[in-house]
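Visitor: Could you take me slowly through the sheet, and through what can be found at its edges? I would like one connected account that I can follow on the model.

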Amino acid sequence: KEGIVVDFDHRESLSRLLRFESSMMEKGEETSFTDYLTRAKDGQEKIYYLTGADRATIEAGPYLEALKSRGFEVIYFFDNIDEVLLQHLREFDGKELVSAASANLELDDDVEVEGVALNEEKTEALCAFLKEEFGDKVDKVEAGKRLVSSPVAALVPEDGMNAQMRQMMAAMNPSEALPAVKVELEINPRHELIHQLAEVQESNEELAKLVASQLFDNALLSAGLLEDRTDLIDRNFRLMEEAMKK
(Lines give C-alpha, C1' and ligand atoms only; values in the text may rest on other atoms or scores of the structure.)
Protein backbone atom coordinates (compact mmCIF):
# COMPACT_ATOMS: atom_id res chain seq x y z
CA LYS A 1 0.00 0.00 0.00
CA GLU A 2 2.92 2.39 0.62
CA GLY A 3 3.80 4.57 -2.33
CA ILE A 4 0.62 3.67 -4.23
CA VAL A 5 -1.72 6.41 -5.37
CA VAL A 6 -5.23 5.01 -5.10
CA ASP A 7 -8.01 5.93 -7.50
CA PHE A 8 -11.12 5.11 -5.51
CA ASP A 9 -13.20 4.95 -8.72
CA HIS A 10 -11.55 1.55 -9.12
CA ARG A 11 -12.55 0.14 -5.74
CA GLU A 12 -13.36 -3.32 -7.05
CA SER A 13 -9.96 -3.71 -8.70
CA LEU A 14 -8.23 -2.45 -5.56
CA SER A 15 -10.14 -4.82 -3.28
CA ARG A 16 -9.03 -7.79 -5.39
CA LEU A 17 -5.40 -6.76 -4.97
CA LEU A 18 -5.47 -6.40 -1.19
CA ARG A 19 -3.83 -9.07 0.95
CA PHE A 20 -4.13 -9.34 4.71
CA GLU A 21 -3.93 -11.65 7.71
CA SER A 22 -7.02 -13.04 9.38
CA SER A 23 -8.21 -14.96 12.42
CA MET A 24 -8.18 -18.21 10.42
CA MET A 25 -4.68 -17.78 9.03
CA GLU A 26 -1.37 -18.41 10.77
CA LYS A 27 0.69 -15.37 11.70
CA GLY A 28 2.48 -14.02 8.61
CA GLU A 29 0.19 -15.83 6.16
CA GLU A 30 -1.99 -13.63 3.97
CA THR A 31 -5.32 -14.10 2.28
CA SER A 32 -7.71 -12.08 0.08
CA PHE A 33 -11.36 -11.07 0.05
CA THR A 34 -12.03 -13.73 -2.59
CA ASP A 35 -10.44 -16.47 -0.48
CA TYR A 36 -12.22 -15.15 2.61
CA LEU A 37 -15.60 -15.65 0.94
CA THR A 38 -14.76 -19.25 0.02
CA ARG A 39 -14.46 -19.92 3.77
CA ALA A 40 -17.51 -17.86 4.79
CA LYS A 41 -20.34 -19.53 6.65
CA ASP A 42 -23.51 -20.41 4.77
CA GLY A 43 -25.75 -17.38 4.63
CA GLN A 44 -23.03 -14.99 5.83
CA GLU A 45 -23.88 -11.55 4.42
CA LYS A 46 -21.03 -9.49 5.85
CA ILE A 47 -17.23 -9.43 5.81
CA TYR A 48 -15.84 -8.76 9.28
CA TYR A 49 -12.59 -6.95 10.03
CA LEU A 50 -10.58 -5.37 12.83
CA THR A 51 -7.88 -2.71 12.71
CA GLY A 52 -5.03 -2.46 15.19
CA ALA A 53 -1.34 -1.85 15.69
CA ASP A 54 -0.49 -5.53 15.20
CA ARG A 55 -1.95 -9.03 15.40
CA ALA A 56 -1.17 -9.48 19.10
CA THR A 57 -2.97 -6.26 19.99
CA ILE A 58 -6.05 -7.22 18.01
CA GLU A 59 -6.24 -10.72 19.46
CA ALA A 60 -5.74 -9.48 23.02
CA GLY A 61 -8.73 -7.14 22.74
CA PRO A 62 -12.40 -7.92 23.44
CA TYR A 63 -13.75 -7.37 19.92
CA LEU A 64 -12.85 -10.75 18.43
CA GLU A 65 -14.72 -12.78 21.02
CA ALA A 66 -18.27 -12.61 19.68
CA LEU A 67 -17.40 -13.41 16.08
CA LYS A 68 -14.86 -16.12 16.93
CA SER A 69 -17.37 -17.85 19.20
CA ARG A 70 -19.84 -17.87 16.31
CA GLY A 71 -17.31 -19.27 13.84
CA PHE A 72 -16.84 -16.14 11.73
CA GLU A 73 -13.47 -15.28 10.20
CA VAL A 74 -12.20 -11.76 10.95
CA ILE A 75 -9.75 -9.87 8.72
CA TYR A 76 -6.85 -8.01 10.36
CA PHE A 77 -5.60 -4.61 9.15
CA PHE A 78 -2.50 -3.09 10.74
CA ASP A 79 -1.81 0.18 8.88
CA ASN A 80 -3.50 3.50 9.64
CA ILE A 81 -4.08 4.08 5.91
CA ASP A 82 -6.27 0.97 5.89
CA GLU A 83 -8.98 3.02 7.59
CA VAL A 84 -9.15 5.30 4.55
CA LEU A 85 -9.25 2.33 2.20
CA LEU A 86 -12.04 0.65 4.16
CA GLN A 87 -14.16 3.78 4.23
CA HIS A 88 -14.08 3.87 0.43
CA LEU A 89 -14.33 0.15 -0.27
CA ARG A 90 -17.34 -0.45 1.97
CA GLU A 91 -18.15 -3.80 0.32
CA PHE A 92 -16.79 -6.62 -1.79
CA ASP A 93 -18.79 -8.87 -4.08
CA GLY A 94 -22.01 -7.55 -2.57
CA LYS A 95 -20.91 -8.23 1.02
CA GLU A 96 -20.73 -5.25 3.35
CA LEU A 97 -17.46 -4.70 5.24
CA VAL A 98 -18.22 -4.36 8.96
CA SER A 99 -15.84 -3.58 11.81
CA ALA A 100 -16.05 -6.05 14.70
CA ALA A 101 -15.44 -3.07 17.00
CA SER A 102 -18.44 -1.13 15.69
CA ALA A 103 -21.20 -0.21 18.10
CA ASN A 104 -23.67 -1.22 15.40
CA LEU A 105 -22.45 -4.80 15.03
CA GLU A 106 -25.48 -7.09 14.76
CA LEU A 107 -25.22 -10.57 16.27
CA ASP A 108 -27.60 -13.45 16.64
CA ASP A 109 -28.08 -15.41 19.86
CA ASP A 110 -26.97 -18.73 18.39
CA VAL A 111 -24.02 -19.27 20.73
CA GLU A 112 -23.61 -20.83 24.16
CA VAL A 113 -22.06 -18.51 26.73
CA GLU A 114 -20.92 -19.66 30.16
CA GLY A 115 -22.15 -17.98 33.30
CA VAL A 116 -25.43 -16.62 34.61
CA ALA A 117 -26.36 -13.08 33.60
CA LEU A 118 -27.25 -10.41 36.13
CA ASN A 119 -30.98 -10.02 36.44
CA GLU A 120 -32.61 -7.14 34.59
CA GLU A 121 -33.03 -4.94 37.65
CA LYS A 122 -29.37 -5.16 38.73
CA THR A 123 -28.17 -4.72 35.16
CA GLU A 124 -30.19 -1.55 34.68
CA ALA A 125 -29.02 -0.19 38.04
CA LEU A 126 -25.36 -0.88 37.21
CA CYS A 127 -25.63 0.68 33.74
CA ALA A 128 -27.25 3.79 35.25
CA PHE A 129 -24.48 3.99 37.87
CA LEU A 130 -21.77 3.75 35.21
CA LYS A 131 -23.44 6.29 32.94
CA GLU A 132 -23.66 8.76 35.80
CA GLU A 133 -20.03 8.10 36.77
CA PHE A 134 -18.61 8.61 33.27
CA GLY A 135 -20.96 11.39 32.18
CA ASP A 136 -20.16 12.90 28.79
CA LYS A 137 -17.35 10.40 28.17
CA VAL A 138 -19.93 7.83 27.09
CA ASP A 139 -22.94 8.05 24.79
CA LYS A 140 -24.56 5.17 26.61
CA VAL A 141 -23.86 2.13 28.78
CA GLU A 142 -25.71 -1.12 28.20
CA ALA A 143 -25.40 -4.88 28.48
CA GLY A 144 -24.67 -6.72 25.25
CA LYS A 145 -23.93 -10.12 23.77
CA ARG A 146 -20.63 -9.53 21.96
CA LEU A 147 -18.45 -10.23 25.01
CA VAL A 148 -17.53 -13.76 26.06
CA SER A 149 -14.50 -13.60 28.37
CA SER A 150 -14.04 -9.82 28.78
CA PRO A 151 -16.05 -7.75 31.28
CA VAL A 152 -16.39 -4.56 29.20
CA ALA A 153 -15.67 -3.08 25.79
CA ALA A 154 -15.48 0.49 24.50
CA LEU A 155 -17.29 0.81 21.17
CA VAL A 156 -16.87 3.61 18.67
CA PRO A 157 -20.21 5.22 17.72
CA GLU A 158 -21.19 5.32 14.06
CA ASP A 159 -20.11 8.96 13.72
CA GLY A 160 -16.99 8.58 15.90
CA MET A 161 -13.30 8.12 15.11
CA ASN A 162 -11.45 4.97 16.10
CA ALA A 163 -7.84 4.94 17.26
CA GLN A 164 -6.31 4.55 13.79
CA MET A 165 -8.32 7.44 12.36
CA ARG A 166 -7.42 9.67 15.31
CA GLN A 167 -3.74 8.90 14.78
CA MET A 168 -4.02 9.78 11.11
CA MET A 169 -5.82 13.06 11.84
CA ALA A 170 -3.25 13.98 14.50
CA ALA A 171 -0.39 13.30 12.08
CA MET A 172 -2.03 15.37 9.33
CA ASN A 173 -2.89 18.31 11.61
CA PRO A 174 -0.53 18.20 14.61
CA SER A 175 -1.46 21.72 15.75
CA GLU A 176 -5.19 21.05 15.70
CA ALA A 177 -6.84 19.51 18.77
CA LEU A 178 -8.88 16.39 18.16
CA PRO A 179 -12.42 16.12 19.52
CA ALA A 180 -12.71 14.46 22.91
CA VAL A 181 -12.90 10.68 22.93
CA LYS A 182 -16.49 9.50 23.31
CA VAL A 183 -17.59 5.88 23.23
CA GLU A 184 -20.43 3.52 23.95
CA LEU A 185 -19.64 1.15 26.81
CA GLU A 186 -20.86 -2.44 26.66
CA ILE A 187 -20.78 -4.62 29.76
CA ASN A 188 -20.81 -8.40 29.93
CA PRO A 189 -23.64 -9.27 32.37
CA ARG A 190 -22.26 -12.82 32.77
CA HIS A 191 -18.75 -11.83 33.84
CA GLU A 192 -17.87 -12.42 37.49
CA LEU A 193 -16.25 -8.99 37.81
CA ILE A 194 -19.48 -7.33 36.62
CA HIS A 195 -21.43 -9.37 39.19
CA GLN A 196 -19.04 -8.24 41.92
CA LEU A 197 -19.21 -4.62 40.79
CA ALA A 198 -23.00 -4.71 40.94
CA GLU A 199 -22.81 -5.98 44.52
CA VAL A 200 -20.13 -3.58 45.76
CA GLN A 201 -21.97 -0.68 44.16
CA GLU A 202 -24.59 -1.08 46.89
CA SER A 203 -22.23 -1.72 49.80
CA ASN A 204 -19.11 0.34 49.01
CA GLU A 205 -19.73 3.08 46.46
CA GLU A 206 -16.20 4.51 46.70
CA LEU A 207 -14.63 1.16 45.81
CA ALA A 208 -17.23 0.65 43.07
CA LYS A 209 -16.25 3.97 41.49
CA LEU A 210 -12.58 3.01 41.67
CA VAL A 211 -13.18 -0.34 39.97
CA ALA A 212 -15.53 1.19 37.40
CA SER A 213 -12.97 3.81 36.40
CA GLN A 214 -10.29 1.15 36.04
CA LEU A 215 -12.59 -0.98 33.87
CA PHE A 216 -13.38 2.02 31.71
CA ASP A 217 -9.73 2.96 31.21
CA ASN A 218 -8.88 -0.68 30.45
CA ALA A 219 -11.61 -0.67 27.80
CA LEU A 220 -10.24 2.54 26.27
CA LEU A 221 -6.74 1.07 26.35
CA SER A 222 -7.90 -2.04 24.47
CA ALA A 223 -9.55 0.23 21.90
CA GLY A 224 -6.35 2.29 21.54
CA LEU A 225 -8.25 5.36 22.76
CA LEU A 226 -6.64 5.97 26.16
CA GLU A 227 -4.58 9.11 25.68
CA ASP A 228 -3.30 9.54 29.25
CA ARG A 229 -2.34 6.43 31.24
CA THR A 230 -1.31 8.23 34.43
CA ASP A 231 -4.65 7.76 36.20
CA LEU A 232 -4.84 4.12 35.15
CA ILE A 233 -1.43 3.36 36.68
CA ASP A 234 -2.09 5.26 39.91
CA ARG A 235 -5.52 3.69 40.27
CA ASN A 236 -4.04 0.23 39.74
CA PHE A 237 -1.77 0.75 42.74
CA ARG A 238 -4.76 1.86 44.84
CA LEU A 239 -6.67 -1.27 43.85
CA MET A 240 -3.68 -3.40 44.84
CA GLU A 241 -3.70 -1.72 48.23
CA GLU A 242 -7.40 -2.47 48.65
CA ALA A 243 -6.87 -6.10 47.68
CA MET A 244 -4.00 -6.53 50.15
CA LYS A 245 -6.15 -5.28 53.02
CA LYS A 246 -8.35 -8.37 52.78
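Guide: Let us begin with a term: two strands are said to pair if DSSP finds at least two bridges between them. The model in front of you is a predicted one, and in it 5 strands form an open sheet whose order is β1-β3-β2-β5-β4, with mixed pairing. Because β1 (21-22) and β4 (91-92) stand at the edges and each has a single partner strand, one side of each is left without a neighbour in the sheet.

Take the edge at β1, where 2 bridges join this strand to β3 (residues 74-77), the two running antiparallel. If you look for Glu21, you will find that this residue stands opposite Tyr76 in β3.

At the other edge, strand β4 holds Phe92, which is linked with Phe33 of helix α2 (residues 33-39), and this pair joins distant parts of the chain, the two residues being 59 residues apart. A pair of aromatic rings is described by the distance of the centres and the angle of the planes. For Phe33 and Phe92 these values are 5.3 Å centre to centre and 25 degrees between the planes, and the pair is stacked, since planes under 30 degrees apart count as stacked. The model has 7 aromatic pairs by this rule.

Turning from the sheet to the surface, you can also find a negative patch formed by Glu120, Glu121, Glu124 and Glu202. Helix α6 (residues 120-134) gives the largest share of this patch, 3 residues, and Glu124 is found in that helix.

How values were computed: Residues are numbered from 1 along each chain as its sequence is written. This is a predicted model: local features need pLDDT of at least 70, side-chain atom pairs count only at pLDDT 80 or more; totals for chains, interfaces and linings use all residues. Side-chain values use heavy atoms; hydrogens and water are left out. Patches are made of residues with over 30% relative accessible area and no salt bridge: like charges are joined within 9 Å, nonpolar side chains (Val, Leu, Ile, Met, Phe, Trp, Tyr) within 5 Å. Accessible areas come from the Shrake-Rupley method with a 1.4 Å probe; for residues, only the protein chains shown count as cover. A salt bridge is a side-chain nitrogen of Lys or Arg within 4 Å of a carboxyl oxygen of Asp or Glu. Lys and Arg count as positive and Asp and Glu as negative; His and the chain ends are not counted. The place of a charge is taken as NZ of Lys, CZ of Arg, CG of Asp or CD of Glu. Helices (H or I, at least four residues) and strands (E, at least two) are DSSP runs, numbered from the N terminus. Rings of Phe, Tyr and Trp (its six-membered ring) pair if their centres lie within 6.5 Å; planes under 30 degrees apart count as stacked, over 60 as edge-to-face and the rest as tilted.
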